[in-house]
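Trainee: Hi, have you got a few minutes to go through a model with me? I'd like to look at packing and charges.
Mentor: Sure, put it up and ask away.

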Amino acid sequence: MIDLYYWPTPNGWKATIMLEECRLDYRAIPVDIGGGDQFKPDFLRISPNNRMPAMVDDEPLGGGAPLAIFESGAILEYLAEKTGKFLPKDVAGRYRVLQWVHWQMANLGPMMGNANHFKNYARNIVDDPKMLAYGEKRFVGEVDRLSGVMDAQLSANEYLAGAEYSIADIISWPWAVLIGRMLGEEMWENCPHLKRWVDQLRARPAVDRGFRAHREWGQRELTEAEEKARRELLFNQDSGKVRAAREEAARAAS
Ligand SMILES: N[C@@H](CCC(=O)N[C@@H](CS)C(=O)NCC(=O)O)C(=O)O
């Protein structure tokens, strides 16, 4: 059985979609990132970067002790290797896919996360309008650029890494489907190939199941005080917070 440490967000959906596509049995364990579960000692042992998703496979590929993995890119690569699905075995095909997996991990995900921060959260934290405007311009601009990169790639290929559906698509779709919300829905007119691919994947039953997995966990209305505490927790993390979590984990272990 696979335990998936999960919260319904784009990075979480990458893992649920992959598990659904591979038809693997899994148990989703909630990591309420607004409530601080990502700093709990048991979770940090699996995911030292205090981020979800993370997973533990108690019947790992190659046998042996349960295998814990954090970072969605590594999780998808492992599941592809374990099932023999969505990652070609030949060297050229494999790297055609992996370069887009790394592209997503280093570009689309972080830029959309930062753009979302400046567009929707930063105004509650800083009041310097110049800083807000620059942050938004920089990161929303990058998301716009990246939408062009995907559109160009998909104008010549059915899927991101070529003719076959792969983990490059699975890892990129959960962020790409939200691009319209960030840039304005009219952006799709400039990106018809990206739109075609987003809709094509949305129609896959496994994508639908993964995208909707435990949606209800993230839907509770927060009070103003809870919302403030959530912002404080998510947007105020430094090495002191990591050290405190490590000390708590050491105390819990002793
Ligand atoms: N590069 C990581 C990013 C994971 C990530 O940022 N997860 C967010 C939720 S979407 C999280 O756990 N945030 C907790 C926090 O900010 O403390 C991955 O792809 O797995």
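Trainee: Which residues in H3 meet which residues in H6?
Mentor: On the H3 side they are Ser 72, Gly 73, Leu 76, Glu 77 and Ala 80, and in H6 they meet Ile 167, Ile 170 and Ile 171. Contact here means heavy atoms within 4.5 Å. Helices (H or I, at least four residues) and strands (E, at least two) are DSSP runs, numbered from the N terminus. Keep in mind that this is a predicted model, where local features need pLDDT of at least 70, side-chain atom pairs count only at pLDDT 80 or more, and totals for chains, interfaces and linings use all residues. Residues are numbered from 1 along each chain as its sequence is written, and side-chain values use heavy atoms, with hydrogens and water left out.

Trainee: What is the make-up of the H3 contact with H6 by class?
Mentor: That contact has 5 nonpolar, 2 polar and 1 charged residues. Ala, Val, Leu, Ile, Met, Phe, Trp, Tyr, Cys and Pro count as nonpolar, Asp, Glu, Lys and Arg as charged, and the others, Gly among them, as polar.

Trainee: And at what angle do the axes of H3 and H6 cross?
Mentor: Roughly 145°, with the axes of H3 (residues 72–83) and H6 (residues 167–176) coming within 10 Å. Axes are lines fitted to C-alpha atoms, for helices over the stretch in contact, and angles run from 0 to 180 degrees between N-to-C directions.

Trainee: New topic: how many salt bridges does the count come to?
Mentor: The count comes to 12 salt bridges, each being a side-chain nitrogen of Lys or Arg within 4 Å of a carboxyl oxygen of Asp or Glu. One of them joins the side chains of Asp 37 and Lys 40, at 2.9 Å from N to O.

Trainee: Why does Asp 37 count as buried or exposed?
Mentor: Asp 37 counts as buried because its relative accessibility is 17%. Buried means under 20% relative accessible area, exposed over 50%, and partly exposed in between (1.4 Å probe, protein chains only). Lys 40, at 46%, counts as partly exposed.

Trainee: Which residue does Lys 195 form a salt bridge with?
Mentor: Asp 199, with the closest N and O atoms 2.9 Å apart. Both Lys 195 and Asp 199 lie in helix H8 (residues 192–202), 4 residues apart, about one turn of the helix. Lys 195 is partly exposed at 31%, and Asp 199 is partly exposed at 38%.

Trainee: Where do Arg 230 and Glu 227 lie?
Mentor: Both are in helix H10 (residues 224–234), 3 residues apart, about one turn of the helix. Salt bridges that share partners also join Arg 202, Asp 208 and Arg 212 into one network. As for Arg 230 and Glu 227, they form a salt bridge with their closest N and O atoms 3.5 Å apart.

Trainee: What about Asp 151, which side chain of opposite charge is nearest?
Mentor: Arg 196, at 7.7 Å, and Asp 151 is buried yet has no salt bridge. For this, Lys and Arg count as positive and Asp and Glu as negative, while His and the chain ends are not counted. Asp 151 lies in helix H5 (residues 129–156). Leaving out residues up to four places away in sequence, Asp 151 touches Asn 190, Cys 191, Pro 192, His 193 and Leu 194.

Trainee: Met 150 is in H5 too, so what does Met 150 touch?Mentor: Beyond residues up to four places away in sequence, Met 150 touches Trp 103, Leu 108, Leu 160, Ser 172, Ala 176, Leu 194 and Trp 197. Met 150 is buried, with a relative accessible area of 0%. The C-alpha atoms of Met 150 and Leu 108 are separated by 9.8 Å, and the two residues are 42 apart along the chain.

Trainee: Last one, H9: which residues are buried there?
Mentor: In H9 (residues 205–212), Ala 206, Val 207, Asp 208, Gly 210 and Phe 211 are buried. The buried residues of H9 pack against E1, H1, H6 and H8.

Trainee: Which residues is Gly 210 in contact with?
Mentor: Setting aside neighbours within four places in sequence, Gly 210 is in contact with Tyr 6, Trp 13, Thr 16, Ile 17 and Glu 20. Gly 210 counts as buried at 0% relative accessibility. Just after H9, have a look at His 214, which takes a positive phi of about 50°.
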